[in-house]
Amino acid sequence: MTPEQFYWNNKLSNQQYMKEIRIRSLSWMLDCFERGTIRKRTIKGLIPKIQLEELLKEMEEVERYEECGIIKSVIDKIYINEKR
């Protein structure tokens, strides 16, 4: 394997790793929102709804339904449910 091939293989795995971290942080962020330690406006400013919808579609395609539930909860509680 050449150094260039190693770089691109490693870069792709880093992108997948970052996606996994992002998915796990959504659960933590939703918990913080429910406890009142983070505001809805802050979340909306950091994570556009369109990104969550794309991530949801991608997780559905690879049949990762537990993560789909977390993403759907974030969309419902932050972007759709305007009671809070």
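In the predicted model, K77 is partly exposed, with a relative accessible area of 35%, a value that lies between the limits of 20% for buried and 50% for exposed residues. The side chain of K77 forms a salt bridge with E34, in which the closest N and O atoms are 2.3 Å apart. This pair links distant parts of the chain, since K77 belongs to helix 4 (residues 65-80) and E34 to helix 1, with the two positions 43 residues apart in sequence numbering. The acidic partner, E34, is likewise partly exposed, its relative accessible area being 38%.

A search of the whole structure finds seven salt bridges in total, among them a contact between K19 and E58 whose closest N and O atoms are 2.2 Å apart. Here too, distant parts of the chain are linked, K19 being placed in helix 1 (residues 3-35) and E58 in helix 3 (residues 49-61), 39 residues apart. With a relative accessible area of 30%, E58 is partly exposed. A further salt bridge joins R64 to E67, with the closest N and O atoms 3.1 Å apart. For R64 the relative accessible area is 22%, and this residue is therefore classed as partly exposed, because only values under 20% count as buried. The contact between R64 and E67 is also part of a wider arrangement, in that E20, R64 and E67 are linked in a network of salt bridges.

With regard to the overall fold, the chain contains four helices and zero strands, so that the order of elements from the N terminus on reads α-α-α-α. The chain comprises 84 residues, of which 26% count as buried. Among the contacts in the chain with a separation of 6 or more, 66% are accounted for by residues 24 or more positions apart.

The largest nonpolar core consists of 17 residues, and within this set L26, L52, I71 and V74 touch the most other members. Helix 1, helix 3 and helix 4 are the elements that give two or more residues to this core, and the largest share, six residues, comes from helix 4. The surroundings of I71 can be described in further detail: when its neighbours within four places in sequence are left aside, I71 is in contact with L26, L52, L55, L56 and M59. Two of these partners, L26 and L52, are themselves listed with I71 among the core residues that touch the most other members.

The pockets of the model were also examined. The largest pocket has a volume of about 280 Å³, and of the 13 residues that line it, R22, I47, Q51, L52 and L55 are the closest to its centre. The elements that give two or more residues to this lining are helix 1 and helix 3, with helix 1 giving the most, namely six residues. In terms of residue character, the lining of the largest pocket divides into seven nonpolar, two polar and four charged residues. L52 thus appears in both descriptions, since this residue is listed among those closest to the centre of the largest pocket and also among the members of the largest nonpolar core that touch the most others. L55, another of the residues closest to the pocket centre, is in contact with I71.

Methods
Residues are numbered from 1 along each chain as its sequence is written. This is a predicted model: local features need pLDDT of at least 70, side-chain atom pairs count only at pLDDT 80 or more; totals for chains, interfaces and linings use all residues. Side-chain values use heavy atoms; hydrogens and water are left out. A salt bridge is a side-chain nitrogen of Lys or Arg within 4 Å of a carboxyl oxygen of Asp or Glu. Buried means under 20% relative accessible area, exposed over 50%, partly exposed in between (1.4 Å probe, protein chains only). On a 1 Å grid over the protein atoms alone, a cavity is a set of points where a 1.4 Å probe fits but cannot get out, and a pocket is an open set with protein on both sides within 12 Å along at least five of seven lines; lining residues have an atom within 4 Å of a point. Grid points are joined across faces, edges and corners, and a volume is the space filled by probe spheres set on the points. Ala, Val, Leu, Ile, Met, Phe, Trp, Tyr, Cys and Pro count as nonpolar, Asp, Glu, Lys and Arg as charged, and the others, Gly among them, as polar. A nonpolar core is a set of buried Ala, Val, Leu, Ile, Met, Phe, Trp, Tyr and Cys residues joined through side-chain atoms within 4.5 Å. Contact means heavy atoms within 4.5 Å.
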